[in-house]
Amino acid sequence: MPARTLLTAEILSIGSELTAGETRDTNASELARSLTGRGVEVRRLQGLPDVLAAVADAYRAALDTADLVVSTGGLGPTPDDLTREAIAAVTGERPEVDAGLERWLRGLWARRDMPFPEINLKQAWLIPSATAIPNDNGTAPGWWVDRPDGRVIAALPGPPREMRPMWTGWVLPRLETRGLGRDVEIRTLRLAGIGESQAADILGDDLLRGSNPSVATYARADAVDVRISAVADGAAGGRTAAQIADAAERFVLERLGDHVWGRGDMSWATAIGERLEALGWQLAIAEIGTGGVFAALLGDVPWVRCAETRAGDEADGDGGDLEGRAERARASGGCEVGIAVRVTARGDDTAVSVAIVSPHGSHRERRLAFLGGSLGRTRAALAAAAILLAELRRAADARPDRLPQPSEEIVR
């Protein structure tokens with residue numbers, strides 16, 4: 001094959017059940033993450049119905065601009081499974097039954113003492129430029145298709161339990177042997193206590209409009225993320241991707257380091273759990289008027305010993321002594337840390353009060369969470385998590401073996 005490093009890709013998701021909204025497409029995002037992490041620029045994700053002309057046109061257009069086309073779906077045995085026909089139309093080749101695939105398919109039914117449905121013989125088709133991708137979890141082999149100019153098509157079945165092992169166990173190793181991607185460094189800093197627009201304004205247009213490194217902000221459900229992506233300088237003696245990312249990370253931390261609470265895909269439960277484990281502590285929770293959203297944010301974790309939730313109209317019984325409620329939760333759970341979280345409506349927003357009691361003393365803090373109702377309660381839980389994590393970090397600072405803060409971690 002002509003030498004071609006596979007640097008760009010398009011991903012096609014084929015199936016009318018996807019475009020009709022009846023099935024959620026998780027394959028495309030998973031494949032995009034896999035390729036992006038290997039330095040491949042994914043230029044487009046496209047959902048397509050089971051219409052031969054539409055699928056063929058999508059393959060044709062993708063092969064005009066991308067080095068690699070990965071598709072999922074349309075490899076079943078029924079007349080509306082048209083991926084093979086579309087690829088054959090684009091390549092100008094005729095599919096024929098492959099004898100080895102036919103023996104394998106018939107064997108699947110024979111070993112179950114079942115008659116072979118002749119409609120499934122379609123799944124034994126190959127064109128001359130295609131290699132069958134083994135499928136150990138289904139009846140639909142994939143297709144690896146080499147194009148004369150070095151471009152590649154990888155067609156995989158739609159069910160994730162089939163697609164995933166075929167991708168990781170067969171396709172990716174072959175792509176990497178062919179030459180996949182480039183030296184890339186991707187880092188994500190997770191922020192709390194600041195909105196996306198405010199973070200973007202602080203970072204500035206010069207950084208956010210740059211191409212290498214590429215720096216972008218994203219508003220997630222549990223954080224504002226700053227994503228840094230860098231590729232190596234191609235010039236002789238140029239900087240590595242890691243060195244370019246280092247410089248961008250220092251810039252971000254200088255301006256937003258006080259808001260950074262995690263990295264990568266770290267969750268609040270992981271961040272808080274790591275601090276509690278380092279301190280050898282466990283947590284008890286008391287919630288008032290939250291509907292239990294704070295405990296739900298942390299999930300089923302071993303270091304939460306007890307969690308109590310009360311309706312907002314029951315709050316008056318504690319006389320406003322939120323620290324007392326946190327202390328009682330700590331005592332009843334036999335824990336080192338007790339946290340009490342109370343939310344109340346404040347106009348169109350949500351007022352949140354948090355009290356934390358630990359061996360290092362007590363701390364109380366009030367914040368106003370944007371929006372009301374369930375969204376406000378969710379934001380209140382995130383505020384409580386940030387307050388708790390900050391208190392745990394302050395407690396860890398007193399230890400000689402303390403863990404570094406994310407903003408203190410030494411970059412390469």
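Which handedness does the crossing of helix 2 and helix 6 have? In this predicted model, local features need a pLDDT of at least 70 and side-chain atom pairs count only at pLDDT 80 or more, whereas totals for chains, interfaces and linings use all residues. Residues are numbered from 1 along each chain as its sequence is written, and side-chain values use heavy atoms, with hydrogens and water left out.

The crossing of helix 2 and helix 6 is right-handed, a term that applies if the near helix is turned clockwise from the far one by less than a right angle, an anticlockwise turn being left-handed. Helices (H or I, at least four residues) and strands (E, at least two) are DSSP runs, numbered from the N terminus. Two packed helices are described by the angle between their axes and the distance between the axes. For helix 2 (residues 27-36) and helix 6 (residues 160-178), the angle is about 20° and the axes are 11 Å apart, which makes helix 2 roughly parallel to helix 6. Angles under 35 degrees count as roughly parallel, over 145 as roughly antiparallel, 65 to 115 as roughly perpendicular and the rest as oblique; the axes are lines fitted to C-alpha atoms, for helices over the stretch in contact, and the angles run from 0 to 180 degrees between N-to-C directions. On the side of helix 2, the meeting residues are Asn27, Glu30, Leu31, Ser34 and Leu35, and their counterparts in helix 6 are Pro160, Met163, Arg164, Trp167 and Leu172. The residues of this contact comprise six nonpolar, two polar and two charged ones, where Ala, Val, Leu, Ile, Met, Phe, Trp, Tyr, Cys and Pro count as nonpolar, Asp, Glu, Lys and Arg as charged, and the others, Gly among them, as polar.

Helix 2 also belongs to the surroundings of a sheet. Six strands form this open sheet in the order 2-1-3-8-7-6, with mixed pairing, and two strands are taken to pair if DSSP finds at least two bridges between them. Strand 2 (41-48) and strand 6 (130-133) are the edge strands, each pairing on one side only. Within the sheet, strand 3 (residues 68-72) and strand 8 (residues 152-156) pair in the parallel sense over five bridges, and Val69 stands opposite Ile153 in strand 8. Helix 2 packs on the sheet by touching strand 1 (8-14), strand 2 and strand 3, and its direction makes about 165° with that of strand 1; such contact means heavy atoms within 4.5 Å.

Another open sheet is formed by four strands in the order 10-11-9-12, and here the pairing is antiparallel. Its edge strands, strand 10 (214-219) and strand 12 (260-263), each pair on one side only. Strand 10 is joined to strand 11 (residues 224-231) by six bridges, and Ser214 stands opposite Ser229 in strand 11. Helix 9 (residues 241-256) packs on this sheet, touching strand 9, strand 10, strand 11 and strand 12.

Further along the chain, strand 16 (residues 349-358) and strand 17 (residues 361-369) run antiparallel and are joined by nine bridges; the two strands form a hairpin with two residues between them. Thr350 lies in strand 16 and counts as buried at 5% relative accessibility, given that buried means under 20% relative accessible area, exposed over 50% and partly exposed in between (1.4 Å probe, protein chains only). Among the residues that Thr350 touches are Arg367, Leu368 and Ala369.

Technical notes:
Lists of a residue's contacts leave out its neighbours within four places in sequence.
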